[in-house]
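Please open the model in your viewer and keep the sequence at hand, since each stop below asks for a new selection. The tour moves from side chains to strands and helices.

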Amino acid sequence: MMRSLFSGVSGLQNHQTRMDVIGNNIANVNTTGFKGNRVNFQDIFYQQLQGAARPTETLGGVNPREVGLGMTVAAIDTVHTQGAFQSTGIGTDLAIQGMGFFILDDRGTQLYTRAGAFSLDRDGTLVNPANGMKVQGWMAQEIGGRQYLDTSRSIEDLIIPVGAKDEARATSMVYFASNLDKRIPELPDGATPEEIAMGAWSTSINIYDSFGDIHVLEVEFTRVPGVNNSWQGQVYVNRNADIPTNASAGLGELPPEAGGASIFTVNFNNQGTLLSAVDAVGNESTAGQVIMNVAFDVQSATPGDDGEMVRQVFQLNMGQVGGLVNSMTQYAERSSMKIFEQNGNSMGYMENFRIDGSGTITGIFDNGTTRILGQVALASFANQGGLEKAGDNTFRRTNNSGNAMIDASGVAGKGRIIAGALEMSNIDMADQFTDMIITQRGFQASSRTIQTADQLLQELLTLKR
């Protein structure tokens with residue numbers, strides 16, 4: 001008789017626990033990045049009234065007789081299903097489509113979250129504004145004038161310096177992707193200016209000195225008389241300036257006395273791809289990247305102690321020997337004199353930024369340049385169900401979750417980052433209300449068990465009358 005009382009009590013207690021979990025789920029139905037919980041029950045132990053007996057030659061086997069002594073909570077699991085997305089249009093709001101967690105630094109302790117409602121603090125650090133925890137990732141490093149991301153390094157705070165200066169950078173490389181028309185005739189001896197204009201193809205681009213001043217680079221090509229598949233290039237810097245800049249070009253060193261020796265030759269093979277380049281003194285480039293050094297006087301710079309003008313040196317990259325992509329070619333098609341990139345710029349200020357699907361943060365400057373600033377890191381776990389909820393929409397690693405595997409978006413199964421959106425709670429109200437009804441009925445049934453057992457005990461006490 002008493003067994004049923006205790007079984008009923010266990011039913012009341014554990015259905016109350018389930019109701020507590022359901023109440024928390026419903027309360028967080030609009031919590032960004034919230035992952036709901038579910039309660040699983042299990043029976044506990046049994047009192048055996050009679051053991052099992054094996055069959056004999058004359059009788060069959062007998063099953064055991066057992067009376068259960070109630071139930072308990074088997075597990076309270078976190079359900080890590082994907083929540084719906086809410087578009088916000090705010091650039092620092094991030095959501096993860098797929099697996100993974102954002103990493104937050106809480107005074108030296110790593111916590112993990114799916115809630116990406118981030119913003120910048122006064123120092124430009126990407127943080128959770130609700131608690132100041134700092135979003136972790138990798139800051140870009142500058143190598144050779146270009147920004148690179150090394151995701152093998154330890155993670156660090158992400159700083160987006162909106163309004164910061166982008167220093168002026170002198171041009172050090174100019175890249176060609178051109179075609180010279182094989183059908184252009186050679187220039188005859190004593191060609192008229194009109195014939196020269198018809199037989200020459202040129203291109204130009206703005207380049208920069210170390211002050212960020214603009215200079216006009218022009219490269220003009222004409223066929224080499226009497227030589228198949230060869231073109232003569234002439235380099236000019238500030239061609240129409242009042243004061244000559246004394247542009248020079250070559251494969252070797254370019255001393256000031258090189259003066260206006262700015263002529264070089266580009267050779268192609270019979271397949272129309274780049275073969276070699278030769279400067280005015282016979283130096284030849286025949287393998288790998290074909291690069292020509294160019295130098296010019298920077299009139300606005302302070303002369304050296306010897307009174308010589310400051311010379312700026314940069315390189316013309318004409319492409320890969322035998323290459324087609326981003327290389328010079330010679331085909332029987334219209335000449336397309338294209339310089340597709342140079343790496344110098346004037347000074348500017350960062351006015352905006354964007355975060356792409358890989359979590360890469362790119363700064364946008366008012367001088368027309370863009371620069372990689374950093375990348376948001378993601379963490380995944382062998383058993384994400386083993387994470388412990390730490391409040392503030394965060395999770396904490398436990399012994400059963402495994403260590404955090406930290407990589408960039410898209411690596412090792414990690415999801416894609418969506419900027420300008422937030423992941424909503426994964427709570428389904430219909431499921432929760434259904435579970436609430438089931439839990440309520442279970443609680444009521446357990447209470448009826450206690451009431452009925454109490455009535456039976458009452459009847460037992462009245463037998464003496």
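Begin by selecting Arg-371 and Phe-365 in this predicted model: Arg-371 lies over the face of Phe-365, at 6.0 Å from the ring centre. For a second example of such an arrangement, select Arg-239 together with Tyr-236, where the arginine lies over the face of the tyrosine at 3.9 Å from the ring centre.

Turn next to rings that pair with other rings, of which the count comes to 7 aromatic pairs. Select Phe-221 and Phe-264, which form an edge-to-face pair with 6.1 Å from centre to centre and 90° between the planes. This pair links distant parts of the chain, for Phe-221 belongs to strand S18 and Phe-264 to strand S21, 43 residues apart. Phe-221 and Phe-264 are buried. Now add Phe-296 and Phe-314, whose ring centres are 6.1 Å apart and whose planes meet at 70°, so that this pair is edge-to-face. Here again distant parts of the chain are linked, with Phe-296 in strand S24 and Phe-314 in strand S25, 18 residues apart, and both rings belong to buried residues. Before leaving the aromatic residues, select Phe-101, Tyr-112, Phe-381 and Phe-395, which form one aromatic cluster.

Which residues have the most contacts inside the largest nonpolar core? Select Val-174, Phe-176, Leu-217, Phe-221, Phe-264, Leu-316 and Met-318, which hold that place in a core of 31 residues. Among the elements that give two or more residues to this core are strands S16 (173–176), S18 (214–223), S21 (263–268) and S25 (311–320), while the largest share, 4 residues, comes from S24. A second, separate core of 20 residues can be picked out through Leu-111, Leu-158, Ile-361 and Val-376, which are included in it.

Centre the view on Met-318 and show its surroundings: leaving aside neighbours within four places in sequence, Met-318 is in contact with Phe-176, Phe-264, Val-266, Leu-274, Ala-277, Val-290, Met-292, Ser-327 and Met-328.

From Phe-176 it is convenient to select the whole of S16, where Met-173 and Tyr-175 point one way and Val-174 and Phe-176 the other way, all of them buried. Strand S16 runs parallel to S25, to which 3 bridges join it, and the bridge partner of Val-174 in S25 is Leu-316. Strand S16 is also joined by 3 bridges to strand S26 (residues 339–342), with the two running antiparallel, and Phe-176 stands opposite Ile-339 in S26.

Select next the open sheet of 6 strands, whose order is S17-S18-S19-S21-S22-S23 with antiparallel pairing. S17 and strand S23 (284–285) stand at the edges with a single partner strand each, so one side of each is left without a neighbour in the sheet. At the S23 edge, S22 and S23 pair in the antiparallel sense over 2 bridges, and Val-278 stands opposite Glu-284 in S23.

The last selection is helix H1 (residues 2–27), whose 26 residues should span 38 Å at 1.5 Å a residue, which agrees with end C-alpha atoms 38 Å apart. Its buried residues, including Leu-5, Leu-12, His-15, Arg-18, Val-21 and Ile-22, can be shown together with strand S1 (37–43), strand S4 (71–78) and helix H3 (429–461), against which the buried residues of H1 pack.

How values were computed: Residues are numbered from 1 along each chain as its sequence is written. This is a predicted model: local features need pLDDT of at least 70, side-chain atom pairs count only at pLDDT 80 or more; totals for chains, interfaces and linings use all residues. Side-chain values use heavy atoms; hydrogens and water are left out. A nonpolar core is a set of buried Ala, Val, Leu, Ile, Met, Phe, Trp, Tyr and Cys residues joined through side-chain atoms within 4.5 Å. Buried means under 20% relative accessible area, exposed over 50%, partly exposed in between (1.4 Å probe, protein chains only). Contact means heavy atoms within 4.5 Å. Rings of Phe, Tyr and Trp (its six-membered ring) pair if their centres lie within 6.5 Å; planes under 30 degrees apart count as stacked, over 60 as edge-to-face and the rest as tilted. A charge sits over a ring if NZ of Lys or CZ of Arg is within 6 Å of the ring centre and within 35 degrees of the ring normal. Two strands pair if DSSP finds at least two bridges between them. The expected span of a helix is 1.5 Å times one less than its number of residues.
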